[in-house]
Every structure is written in structure tokens, then in C-alpha cells.
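Q: I'm new to this one, so please zoom in on a single part for me: the disulfides. Take your time and walk me through what's there.

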Amino acid sequence: QVQLVESGGGLVQPGGSLRLSCTVSGIMFSVYRMGWYRQAPGKQRDLVAFINSAGVTNYPDSVKGRFTISRDNAKNTLYLQMSSLKPEDTAVYYCRCVDCPGNYWGQGTQVTVSS
């Protein structure tokens, strides 16, 4: 009964900022590693941010310094703060429990970076 609900996407101009949220239910959220992923048209779904239960984060070079993942365990919510957005960041963004049994995805939230 794991559920993940992403929100916060939208249309932003290059250089702009956006904050995504993912509300998680059905697990003891605080103990699990979580990640944000994105999938652009015609491309694979790739990890863009990772956070473990202790708050240690990791990012690929494509977003390092621009994206920040965080979690609020009291609210069972995962966040992705995105800044200095580029057109190549355009994609559907998904959250995921990295080490939960099974493979669960939310519905995703569309981020479009365009002038």
C-alpha cells in the first residue's frame, strides 16, 4: 500500500526556480533512502537526487549545485528545490523509495523550462 504523490511542477523560465514535493504513505518514511528521478521524452528515467535516512545527499553532475533534495520526516514528505533551471531539465519528475521492497512510483509531476 505504498503511495507516493508528487506535486509542484509547472512552467518556468530558464534561470528560474521550482520546489517539488512528494508525500509518502504506507512506509516508515524516516528509515528509507529516497530519490528523485526524471524522464524526458524519448529518454530513460534517471536519478537526479538521492538522500539517505541520515540526510546524506548525492547528485549527478548534470544537476549538482542547482538541485537540493531534502526530507521532512515529521510530514512524510520529500522535497526537491531546483534553481538555475535549464531547458534540458524539462521532464516528468518522480519520487521513489530507493530501498523499499518492491518498486513503487508516483504519478509524476511535469516540469517545463521554456521562455
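**The disulfides**

A: Let's start with the link of Cys-22 and Cys-95, which is right-handed, with 50° about the S-S bond. That pair ties together distant parts of the chain, as Cys-22 sits in strand E3 (residues 18–25) and Cys-95 in strand E9 (residues 91–97), 73 residues apart. (Strands here are DSSP runs of at least two residues, numbered from the N terminus.) The two sulfur atoms are 1.8 Å apart, and a disulfide is called when a pair of cysteine sulfur atoms lies within 2.5 Å. Keep in mind that this is a predicted model, where local features need pLDDT of at least 70, side-chain atom pairs count only at pLDDT 80 or more, and totals for chains, interfaces and linings use all residues. Residues are numbered from 1 along each chain as its sequence is written, and side-chain values use heavy atoms, with hydrogens and water left out.

Cys-22 and Cys-95 are both buried, meaning under 20% relative accessible area (over 50% is exposed, in between is partly exposed; 1.4 Å probe, protein chains only).

Searching the whole structure turns up two disulfides. The other one joins Cys-97 to Cys-100, with 1.9 Å from S to S. This link is right-handed too, with 85° about the S-S bond, and both Cys-97 and Cys-100 are buried. Number the bonded cysteines in sequence order and the pairing reads 1-2, 3-4.

As for the surroundings, E9 belongs to an open sheet of six strands with mixed pairing, in the order E2-E10-E9-E4-E5-E6. Strands E2 (10–12) and E6 (57–58) stand at the edges with a single partner strand each, so one side of each has no neighbour in the sheet. Pairing here takes at least two DSSP bridges between two strands.

Notes. Helices (H or I, at least four residues) and strands (E, at least two) are DSSP runs, numbered from the N terminus.
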